[in-house]
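Here are my notes on this one, jotted down point by point. Have the structure open while you read.

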Amino acid sequence: MTTIRNKPLSTAAMHGALIFYTLIALFPIFVIVLNSFKTRRAIFSEPLSLPTADSFSAVGYQTVTQQGDFLLYFQNSMIVTVSSLFLILLFGAMASFALSEYRFRGNMLMGLYLALGIMIPIRIGTVGILEMMVATGLVNTLWALILVYTAQGLPLAVFILTEFMRQVSDDLKNAGRIDGLSEYTIFFRLVLPLVRPAMATVAVFNMIPIWNDLWFPLILAPSEATKTLTLGSQVFIGQFLTDWNAVLSALSLAILPVLVLYVIFSRQLIRGITSGAVK
């Protein structure tokens, strides 16, 4: 009886803690979006108040759309993020299938070697990466960012997907082989559909760091034609004067695609996390 009575209390406490954490996580986004519709004076005098008839202003959005190449920056960020995620999921899934399905000498060492990429930050090798990009002529190209982000995301992708692919039924794969299916067909048509929640989890975990990154765009692709949205927003920040209306408006517009993609992948993300926890 005690357990039954305490269960609603523990559930309510758990939901309360999750709601509290959600509010903390969303509070900075709320403040940014809220102040993007205010005048400069209202931003500093009343940062937490709602816009009124006197404090409302959309000058920041007008500045962002009229000054600077915001659409170009947005396009560059989308190209880099989508391309990097595609390569991470493709190569990560192929490597995970090989490590989980085939037994060969050095299988475990290969898995440990890839896992090291999770523990060692890629920014430690910034100088070497820059020298490599200069030698290959990829500086100030989107390919420089795509390759770096792909290398950055592969270790985590392999680590997560390998565990999920080991749980795919061997009977299903062997039945496909008996029916004459090639290994590529088994991989793309039988295995990948069963690990979609895990792939969505990998995509979400890599999407936000890639979209928000400022370090590598500043070092590898700082030219006007290759600036990403995060780097392009810095044009409104000066040494002596900062256009906070434009900065907050640019950040608000930059947050929107991430939220949309997260909502799209949220169900698959939750399925991937919960199935991994249960299994």
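**Notes on pockets, cavity and domains**

1. The second largest pocket comes out at about 530 Å³. Gly117, Ile118, Ala151, Gln152 and Pro155 sit closest to its centre, out of 20 lining residues. On terms: on a 1 Å grid over the protein atoms alone, a pocket is an open set of points with protein on both sides within 12 Å along at least five of seven lines, a cavity is a set where a 1.4 Å probe fits but cannot get out, and lining residues have an atom within 4 Å of a point. Grid points are joined across faces, edges and corners, and a volume is the space filled by probe spheres set on the points.

2. Before going further, a caveat: this is a predicted model, where local features need pLDDT of at least 70 and side-chain atom pairs count only at pLDDT 80 or more, while totals for chains, interfaces and linings use all residues. Numbering runs from 1 along each chain as its sequence is written, and side-chain values use heavy atoms, with hydrogens and water left out.

3. Who builds the wall of that second largest pocket? At least two residues each come from α4 (70–101), α5 (107–119), α7 (142–165) and α10, and α7 gives the largest share with seven. Helices here are DSSP runs (H or I, at least four residues), numbered from the N terminus. The lining splits into 16 nonpolar residues, four polar and no charged, where Ala, Val, Leu, Ile, Met, Phe, Trp, Tyr, Cys and Pro count as nonpolar, Asp, Glu, Lys and Arg as charged, and the others, Gly among them, as polar.

4. Now the largest pocket, with a volume of about 740 Å³. It has 18 lining residues, and Ala25, Leu26, Ile29, Ile208 and Tyr262 lie nearest its centre. The elements giving two or more residues are α1 (2–35), α10 (196–212) and α13 (244–278); α1 has the largest share, seven residues. By class, the lining holds 14 nonpolar residues, four polar and no charged.

5. Where does the largest pocket sit relative to the domains? Domain 1 (1–56) and domain 2 (61–277) both contribute to its lining, so the pocket lies between them. The bounds come from an automatic or database domain assignment.

6. On the domain interface itself: the C-alpha centres of the two domains are 29 Å apart. Eleven residues of domain 1 touch eleven of domain 2, contact meaning heavy atoms within 4.5 Å. Together the domains bury about 880 Å², 68% of it on carbon and sulfur atoms. On the domain 1 side, Ile32, Ser36 and Arg40 lose the most area to domain 2, together 54% of what that side buries. Buried area is the accessible area (1.4 Å probe) that two parts lose on being put together, summed over both.

7. As for enclosed space, the whole structure has one cavity of 30 Å³ or more, holding about 50 Å³. Twelve residues line this cavity, with Val64, Phe70, Tyr73, Gly232 and Phe236 closest to its centre. α4 and α12 (229–232) each supply at least two of the lining residues. The lining has seven nonpolar, four polar and one charged.

8. Last, take a look at Ile178, which belongs to helix α8 (residues 170–178). Is Ile178 buried or exposed? Its relative accessibility is 74%, so Ile178 counts as exposed (the cut-off is over 50%, with buried under 20% and partly exposed in between, using a 1.4 Å probe and protein chains only). The C-alpha atoms of Ile178 and Gln62 are separated by 63 Å, with their positions 116 residues apart along the chain.
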